[in-house]
Amino acid sequence: MSYLQSTYDLYSSAATTPDVGLCCTTTPIWQLPGLDIPGIMLEMNYGCGSTVHPRDLSGEPTVLYLGVGGGMELLQFAYFSRQQGKIIGVDAVDDMLEVCAKNLKLAETRNSWFYANFVDLRKGNALSLPLDDESVDIVAQNCLFNIFKQSDLDTALSEAFRVLKPRGRLVLSDPICEQDMPETLREDADLRALCLSGAIPFESYIERLTNAGFATIEVRARRPYRILPAHKYDIQEHLFIESVEIAAIKDPMPEDGPCVFSGKTAIYFGEEPYFDDKKGHLLVNNMPLAICDKTAEQLQSLDIKHLHITPSTYFYDGGGCC
Ligand SMILES: C[S@@+](CC[C@H](N)C(=O)[O-])C[C@H]1O[C@@H](n2cnc3c(N)ncnc32)[C@H](O)[C@@H]1O
């Protein structure tokens with residue numbers, strides 16, 4: 001059986017019998033004024049972070065959400081848009097779509113502002129999206145792409161890129177792992193479907209996003225996710241898995257390559273009122289400026305006295321220049 005079929009089977013069961021421990025997140029669940037999330041949606045929170053960021057949601061964007069789960073993030077996105085069909089949820093598993101639709105109906109009874117038809121649920125595969133080119137403003141996926149093997153991951157990323165309008169963004173939350181994942185675990189279809197053994201290193205994930213064409217990358221969070229204990233999985237060392245939250249923006253690609261904002265900041269603190277690198281970065285004396293990793297490297301190579309560049313915080317939420 002293919003690993004994709006094992007994934008569908010696993011999520012078919014996870015739809016009919018909620019598995020509270022299936023994925024987990026240390027990201028606080030959005031609890032917003034007037035938002036009542038049904039308990040079943042919380043039990044079926046199979047994500048590893050959040051993809052709902054109010055800053056992404058100005059200008060009435062159309063959101064495509066891949067891998068609907070119990071529908072909690074669909075409801076949270078709808079909280080901000082409150083219009084029919086503005087949120088499109090796509091899932092490959094019939095049972096998951098059915099349960100998600102039921103949960104959204106339940107949410108309708110609990111939230112006077114919400115109608116289930118705010119969300120347009122569609123059967124479909126993230127590897128071959130049933131949407132036109134450049135038709136949505138936001139693509140969101142939480143804990144789905146990590147399940148894909150590398151060539152499928154590249155396909156999923158290029159599909160997301162294809163359906164996004166120019167300047168649109170892919171917002172994602174996914175596990176990553178810096179250690180070598182043993183092949184036995186990588187090839188274990190159930191572990192992969194459980195979001196435990198498909199995780200790739202951070203840099204490799206970023207590279208795949210930029211290879212797909214995304215020119216601006218914002219790394220919004222990086223958090224501990226799981227440990228795979230050596231004794232349990234019969235492996236040499238314990239494996240530490242983190243989860244990342246990233247926004248990948250379909251900006252035009254700069255000639256000198258993508259801008260990856262991993263949370264670095266530059267501060268000039270010399271005698272002059274400012275430092276100008278003549279490449280668009282004006283560092284006003286003692287004012288922090290968020291910079292992308294490429295700019296950090298270029299500034300560092302200038303070897304300027306009284307210029308401090310901080311390490312990545314992996315917590316970038318906008319601002320700065322590149
Ligand atoms: C780990 S769950 C995440 C659910 C949801 N995003 C959340 O955060 O709770 C993965 C979801 O992706 C769906 N799925 C699995 N393979 C898929 C595929 N190839 N295309 C679209 N959806 C898929 C599953 O049915 C399930 O709803």
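## The eight-stranded sheet

In this predicted model, T216 stands opposite C259 in β8. T216 belongs to strand β6, which spans residues 216–228 and is joined to β8 by three bridges, with the two strands running parallel. Helix α8, residues 202–211, packs on this sheet and touches β5 (164–176), β6, β7 (239–249) and β8. The direction of α8 makes about 145° with that of β6.

Stepping back, the whole sheet is open and has eight strands in the order β3-β2-β1-β4-β5-β7-β6-β8, with mixed pairing. Its edges are β3 (119–123) and β8 (259–261); each has a single partner strand, so one side of each is left without a neighbour in the sheet. On average, neighbouring strands here are turned by 20° against each other, direction ignored.

## The three-stranded sheet

A second place to look is an open sheet of three strands, ordered β12-β9-β13 with antiparallel pairing. The edge strands, β12 (289–291) and β13 (307–309), each pair on one side only. Neighbouring strands of this sheet are turned by 30° against each other on average, again ignoring direction.

Strand β9 covers residues 264–268 and is linked to β13 by three bridges, the two running antiparallel. If you would like a residue pair to find on screen, try Y268, whose bridge partner in β13 is L307.

## Around the ligand

Which residues come nearest to the ligand? They are Y11, G47, G67, G69 and N142, out of the 23 residues around it. By class, this shell has 14 nonpolar, seven polar and two charged residues. Helix α1 (3–16) and strand β2 (87–91) each supply at least two residues of the shell, and β2 is also one of the strands in the eight-stranded sheet.

Methods. Residues numbered from 1 in each chain as written. Predicted model: local features only at pLDDT ≥ 70, side-chain atom pairs only at ≥ 80, totals over all residues. Pairing = 2+ DSSP bridges. Helix = DSSP H or I, 4+ residues; strand = E, 2+ residues; numbered from the N terminus. Axes fitted to C-alpha atoms, helices over the stretch in contact; angles between N-to-C directions. Near = placed C-beta within 6 Å. Nonpolar A, V, L, I, M, F, W, Y, C, P; charged D, E, K, R; others polar. Contact = placed C-beta atoms within 7 Å.
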